[in-house]
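Reader: Before I rely on the descriptive terms used for this model, I should like to see how each one is justified.

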Amino acid sequence: MEKLTYERAADELEQILTALKNDEVTVDELAEKVERASQLIVFCKKKLTATEEKIDKIMDKLEQ
């Protein structure tokens with residue numbers, strides 16, 4: 001996946017969801033859009049998990 005930030009991924013995911021809700025995606029594009037959305041969801045989940053782990057480590061150090 002290209003260099004991506006959480007915010008850009010979330011924005012792109014929102015655009016895809018809006019297009020799907022508004023029936024702006026053709027049947028020919030549907031599989032591609034769903035695949036891209038799934039990639040973005042995985043990316044966002046990994047980013048959130050990594051951030052949570054970093055914060056937990058910082059909090060653990062503060063409690064020592």
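The exchange below sets values against definitions.

Author: This is a predicted model, in which local features need pLDDT of at least 70, side-chain atom pairs count only at pLDDT 80 or more, and totals for chains, interfaces and linings use all residues. Residues are numbered from 1 along each chain as its sequence is written, and side-chain values use heavy atoms, with hydrogens and water left out.

Reader: Why is Glu53 called partly exposed?

Author: Buried means under 20% relative accessible area, exposed means over 50%, and partly exposed lies in between (1.4 Å probe, protein chains only). Glu53 has a relative accessible area of 47%, so Glu53 counts as partly exposed.

Reader: In which helix does Glu53 lie?

Author: Glu53 belongs to helix H2, which covers residues 27-63. Helices are DSSP runs of H or I with at least four residues, strands are runs of E with at least two, and both are numbered from the N terminus. Glu53 and Glu29 are 24 residues apart in sequence and 36 Å apart in space, C-alpha to C-alpha.

Reader: What makes the protein more spread out than a compact globule?

Author: The secondary structure comes to two helices and zero strands. The radius of gyration of the protein is 16 Å, well over the 11 Å that the globule rule gives for 64 residues, so the protein is more spread out than a compact globule. That radius is taken over C-alpha atoms, and the rule is 2.2 Å times the number of residues to the power 0.38. Along the principal axes, the C-alpha atoms fill a box of roughly 55 × 20 × 15 Å.

Reader: What percentage of the 64 residues count as buried?

Author: Of the 64 residues, 17% count as buried.
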